[in-house]
Amino acid sequence: MTLTGPFKQLLTMDHLPEKGPLSDDQLEIIPDGGIVHHEGKIIAIGNFNELKDLHSLALVDWLEGDYVGLPGMIDVHTHICWAGSRANDYALRLSGKSYLEIATMGGGIWDTVQKTREATVEELADAVEQRAYRLLKLGVTTLEVKSGYGLSVEQELKILEAIALAGSRSMADLVPTCLAAHILPKDFNGNERQYLELIIEKLLPEVMIRKLASRVDIFVEKSAFSIHAAKRYLSQAKNMGFEIVLHGDQFSTGTATLANELQVHSIDHLEAANDQEIQILAKGNVIPVVLPGASIGLGESFAPARKLLDSGTSLVIASDWNPGSAPMGNLLTEAAILGASEKLTMAEVWAALTCRAARALNSGDRGSLKQGNIADIIAFKTNDYKEILYQQGQLRAGMVWKKGEIVK
Ligand code: NIG
Ligand code: FE
């Protein structure tokens, strides 16, 4: 048993509502706090000195200086299993070409697909492991990882295997998602319906049997899949027992109704969502996931995070780290910038990175610091939690614990 602390402030992120606006005074802050943990789980949380008396046999993992502690961040949307670089696309965008134009010219997602297809499982697993470690050091203790740069039955299986291999070697927890429906592969001899049928018949049963993923995602957009095709595909995947999510409203609207109708677990992107769509989402239980890294990477506007919260929905912020639209891969910086632009309170930003994010991955055992949860903890060298978002990502997690073990 170990007692970690003292933390000048411990933000538990506990007891917060799942939906709607949050004010900073709703945050539970334990001054001079401590956490007792054993075998990766939190046993007790409270005042450090009181815990020290109560658990006198516990080893003390002593923090010198002032630290603010929080639950580890959860990044619910990444595409970190890729090979190659799209720096060239980025340069083209800076010189005026749009993301969709570049895709039409043969760059974009298809370019990454070709490079990823050439990589071995081992090479891809290494890349995922390194990127997951980079995120872990920044305080991301759980992350979702999508496939989607294989776009054939064999290649998607290869990518999901690489993610599983990386997961088995990483300290961070990796949650895989099958995004075989990322775009219609250019070398597929057929239409979107035929491609999605192939995925349903040949890929998803294998993914299910081999437990390579329990979530299925699709990119609904003019350059990807139609609403009509997505409806059929996601319903079939849901009937097979997968949890379903979607990339929606990135450039064009129309997916909020689909999301509600199918009761997808989350709708991710929403940069293009209008007031009408926000109202539709407010009527249901779909979790909106916004991806400021994609707005920054593409030089486009942010998703209407403030309006979503004010309408009464939940709000989760994820990095979308990928080689094309979101190359930065720094969740805290991206969230801080979104917060400044969209006027999100600090409580709303932190909830979107922790407790509300946990729900987006159905991970009830993390996202808040409380008894019984896993001891995923991050600490920033400051005496005031407000300094963290104020420094817009430059104040980095000085300490990270994954299941009670020190990462750095
Ligand atoms: O979430 N929008 C679709 N997929 C990714 C981008 C992938 C890429 O450009 O390589 C996204 O932004
Ligand atoms: Fe994405």
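This report walks through the sheet, the iron site, a helix pair and the salt bridges of one structure. The model is predicted.

**The sheet**

Start with the strands. Eight of them form an open sheet. Their order is β6-β7-β8-β9-β10-β11-β12-β13, and the pairing is parallel. Strands β6 and β13 are the edges, since each of them pairs on one side only. In general, strands of a sheet pair through backbone hydrogen bonds, either parallel or antiparallel.

Look at the β6 edge. Strand β6 covers residues 73–75 and runs parallel to β7, with three bridges joining the two. M73 stands opposite V140 of β7. D75 has L143 of β7 as its bridge partner.

Strand β7 takes up residues 140–146. How many of its seven residues are buried? Seven of the seven are, so the rest of the structure largely encloses this strand. Beyond it comes β8. Five bridges pair β7 with β8, again in the parallel sense. Here E144 is partnered by V175 in β8.

Further along the order sit β9 and β10. Strand β9 spans residues 215–219, and five bridges join it to β10 in a parallel run. I218 stands opposite L246 in β10. Strand β10 spans residues 243–248 and is mostly covered, with five of its six residues buried.

**The iron site**

Now turn to the metal. Which residues coordinate the iron ion (ligand 2)? There are three histidines and one aspartate: H77 (NE2), H79 (NE2), H247 (NE2) and D320 (OD). The distances run from 2.0 to 2.2 Å. Along the chain, the donors follow the spacing H-x1-H-x167-H-x72-D.

H77 lies in the loop between β6 and α2 (87–94), while D320 lies in the loop between β13 (316–317) and α13 (331–342). The pair therefore ties together parts that are 243 residues apart in sequence. Are these two residues buried or exposed? Both H77 and D320 are buried.

**A helix pair**

Helices α9 and α10 also meet. The axes of α9 and α10 (residues 275–283) come within 9 Å and cross at roughly 10°. Angles under 35 degrees count as roughly parallel, so α9 and α10 are roughly parallel to each other. On the α9 side, the contact involves T255, A256, T257 and N260. On the α10 side, the residues are E277, I280, L281 and K283.

**Salt bridges**

The model has 24 salt bridges. Three of them are set out below.

| Acidic residue | Basic residue | N to O distance |
|---|---|---|
| D173 | R366 | 2.8 Å |
| E261 | K231 | 2.7 Å |
| D365 | R366 | 2.9 Å |

Take D173 and R366. Their salt bridge links distant parts of the chain, 193 residues apart. D173 sits in strand β8 (residues 173–181), and R366 sits in the loop between α15 (355–360) and β14 (377–380). Why do both count as buried? The cut-off for buried is under 20% relative accessible area. D173 has 19%, so D173 is buried. R366 has 13%, so R366 is buried too.

R366 also has a salt bridge with D365. D365 is partly exposed, because its relative accessibility is 29%. Salt bridges with shared partners join D173, D365, R366, D376, K402 and K403 into one network.

The bridge between E261 and K231 links two helices. E261 belongs to α9 (residues 255–262), K231 belongs to α8 (residues 227–239), and they are 30 residues apart. Are they buried or partly exposed? E261 has a relative accessibility of 48% and counts as partly exposed. K231 is partly exposed as well, at 35%.

**Putting it together**

Some elements turn up more than once. Strand β8 pairs with β7, and D173 of β8 forms a salt bridge with R366. Helix α9 runs roughly parallel to α10, and E261 of α9 forms a salt bridge with K231 of α8. The edge strands β6 and β13 each border a loop that holds an iron donor: H77 follows β6, and D320 follows β13.

Note on methods. Residues are numbered from 1 along each chain as its sequence is written. Chains are lettered from A and ligands numbered from 1 in the order in which they are written. This is a predicted model: local features need pLDDT of at least 70, side-chain atom pairs count only at pLDDT 80 or more; totals for chains, interfaces and linings use all residues. Side-chain values use heavy atoms; hydrogens and water are left out. A salt bridge is a side-chain nitrogen of Lys or Arg within 4 Å of a carboxyl oxygen of Asp or Glu. Helices (H or I, at least four residues) and strands (E, at least two) are DSSP runs, numbered from the N terminus. Buried means under 20% relative accessible area, exposed over 50%, partly exposed in between (1.4 Å probe, protein chains only). Two strands pair if DSSP finds at least two bridges between them. Donors are N, O and S atoms within 2.8 Å of the metal (3.2 Å for Na, K and Ca); water is not among the atoms, so sites may look incomplete. Axes are lines fitted to C-alpha atoms, for helices over the stretch in contact, and angles run from 0 to 180 degrees between N-to-C directions. Angles under 35 degrees count as roughly parallel, over 145 as roughly antiparallel, 65 to 115 as roughly perpendicular and the rest as oblique. Contact means heavy atoms within 4.5 Å.
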